[in-house]
Amino acid sequence: MLCLGIETSCDETAAAVVEDGRVALSDVVSTQIDIHRRWGGVIPELASRNHVIQVMPVIDEALKRAGKSLTDLDVIAVTSGPGLQGALLVGLQVAKSLSLATGVPLVGVNHLEGHLLAIRLVADAPEPPFLGLVVSGGHTSLYEVPAFGTYRRLGTTRDDAAGEAYDKVARLLGLQYPGGQPIDALAQTGDPKAIAFPRAMKSHEVLDWSFSGLKTAVLNHVQLHGVPTGQALADLCASFQEAVADALTRKLILGAKKVGATQLVICGGVAANSRLRALAEERAVDAGMKLYLPPKRLCTDNGAMIAVAGAEAFRRGVRADLSLNSDPSWRLS
Ligand code: KG4
Ligand code: ZN
């Protein structure tokens, strides 16, 4: 079964062809990061305009690299939410037009379900039930996944997403957008114990997070000591990174114990973070749980994850028609 996945919910124009919901025959991502970088964040109107320019060449390239044509497809999957309204509409209109022109069935995919199922593209992927932590620029939520298509949210951030905190702290430090990678790189030579940044929501009763206090603590530090350079900058990055990884992994393990989960998945852009990956592995082993991490290129937005989720939905009998619309705040559960 061949599925074309189309993703335009934020600032990556992406398309991929996936076979049997498990094997990516192609995975093409055209990022707009360079366009948005000068503004320090994603400008929705610019994102939409660039999706319009990129979407057809990206789809053509994905089909070409897979050695397939549109008529070989069994299903076309497209992200229909959550995300930026204008950006979502570009992918959606193209997917609907291709479906109408070819007769290939259409499926609308939740972007977060795409992140959760990206792990299906690795060789030893877990079967449900598993616990999935989606941690990206727009979302930080913990989901119980008893079966494909069933998602129960156990916790979420009360304010900023973890990736958003990275991006805002990077901005404070004069680092480029998006901030995750540069902070991660600087943290490698820093001391994570140099600055005792706060951990919010420590109660074992809740599985939620809060990152705005941590962001304010970094701001206060910078206002008091100035923007650090050299070793002091590396120390600040490592201390901030430790606070985020500690908070994320603590609630992940706590959530797993609460629902009796033994298989854990971390996904989304922040899942590319080196300290989060290492600490989660350490704590999962200590708790006798098995952790599954997608390779870094499958953590950030891509079309393959949308094709995987689309193929799974198609298998369950999900179909969309041409009335499919975008839902910028579509909740997974
Ligand atoms: O999943 P994604 O590509 O887009 C959203 O759906 O939001 O995630 C992008 C986010 C950005 O906030 C970026 O700073 C963060 O992922 N990110 C990282 C790393 N690489 C990307 N955060 C921490 N460490 C990284 N290595
Ligand atoms: Zn994403």
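Modeller: Helices (H or I, at least four residues) and strands (E, at least two) are DSSP runs, numbered from the N terminus. The model above is predicted: local features need pLDDT of at least 70, side-chain atom pairs count only at pLDDT 80 or more, and totals for chains, interfaces and linings use all residues. Residues are numbered from 1 along each chain as its sequence is written, chains are lettered from A and ligands numbered from 1 in the order in which they are written, and side-chain values use heavy atoms, with hydrogens and water left out.

Biologist: Let me start with S48: is this residue buried or exposed?

Modeller: S48 belongs to helix α2. Buried means under 20% relative accessible area, exposed over 50%, and partly exposed in between (1.4 Å probe, protein chains only). With a relative accessibility of 12%, S48 counts as buried.

Biologist: Staying with S48, how far apart in space are its C-alpha atom and that of A162?

Modeller: Along the chain, S48 and A162 are 114 residues apart. Between their C-alpha atoms the separation is 24 Å.

Biologist: How many salt bridges does the whole structure have?

Modeller: Side chains of opposite charge can pair when their charged atoms come close. Here a salt bridge is a side-chain nitrogen of Lys or Arg within 4 Å of a carboxyl oxygen of Asp or Glu. By that rule, a search of the whole structure gives 15.

Biologist: Which residue forms a salt bridge with E61?

Modeller: Look in helix α2 (residues 44-66), where E61 has its partner four residues away, about one turn of the helix. E61 is partly exposed at 26% relative accessible area, while the partner is exposed at 52%. With the closest N and O atoms 2.8 Å apart, the partner is R65.

Biologist: Which residue pairs with R316 in a salt bridge?

Modeller: The closest N and O atoms of this pair are 3.8 Å apart, and R316 meets E113 there. R316 lies in the segment after α11 (303-315) and E113 in helix α4 (residues 111-117), so the pair ties together parts that are 203 residues apart in sequence. R316 is partly exposed at 38%; the buried partner, at 8%, is E113.

Biologist: And how far apart, N to O, are the side chains of E312 and R315 in their salt bridge?

Modeller: E312 and R315 sit three residues apart in helix α11, about one helical turn. E312 is buried at 6%, whereas R315 is partly exposed at 48%. Elsewhere, D160, E164, K168 and K215 form one network through salt bridges that share partners. For E312 and R315, the N to O distance is 3.4 Å.

Biologist: Which residues are the protein donors of the zinc ion (ligand 2)?

Modeller: Donors are N, O and S atoms within 2.8 Å of the metal (3.2 Å for Na, K and Ca); water is not among the atoms, so sites may look incomplete. Two histidines lie four residues apart in helix α4, and the sequence spacing of the donor residues is H-x3-H-x185-D. H111 is buried at 6%, and H115 is buried at 1%. Lying 2.0 to 2.1 Å from the zinc ion (ligand 2), the protein donors are H111, H115 and D301.

Biologist: What is the geometry of that zinc site called?

Modeller: Four donors count as tetrahedral if all angles lie between 85 and 135 degrees; four count as square planar and six as octahedral if opposite donors are over 155 degrees apart and all others between 65 and 115; anything else is irregular. The four donor atoms of the zinc ion (ligand 2) make angles of 95 to 138 degrees, and the site is irregular.

Biologist: What is the omega of the peptide bond from G81 to P82?

Modeller: Most residues other than glycine have a negative phi, and most peptide bonds are trans. P82 is in the loop between β4 (75-81) and α3 (85-102). Another cis bond joins P128 and P129, with omega about 10 degrees. The bond from G81 to P82 is cis too, with omega near -15 degrees.

Biologist: Last one: what is the phi of D20?

Modeller: D20 is in the loop between β2 (12-19) and β3 (23-31), and is partly exposed at 39%. M201, in the loop between α6 (180-187) and α7 (212-225), has a positive phi near 50 degrees. D20 has a positive phi as well, near 55 degrees.
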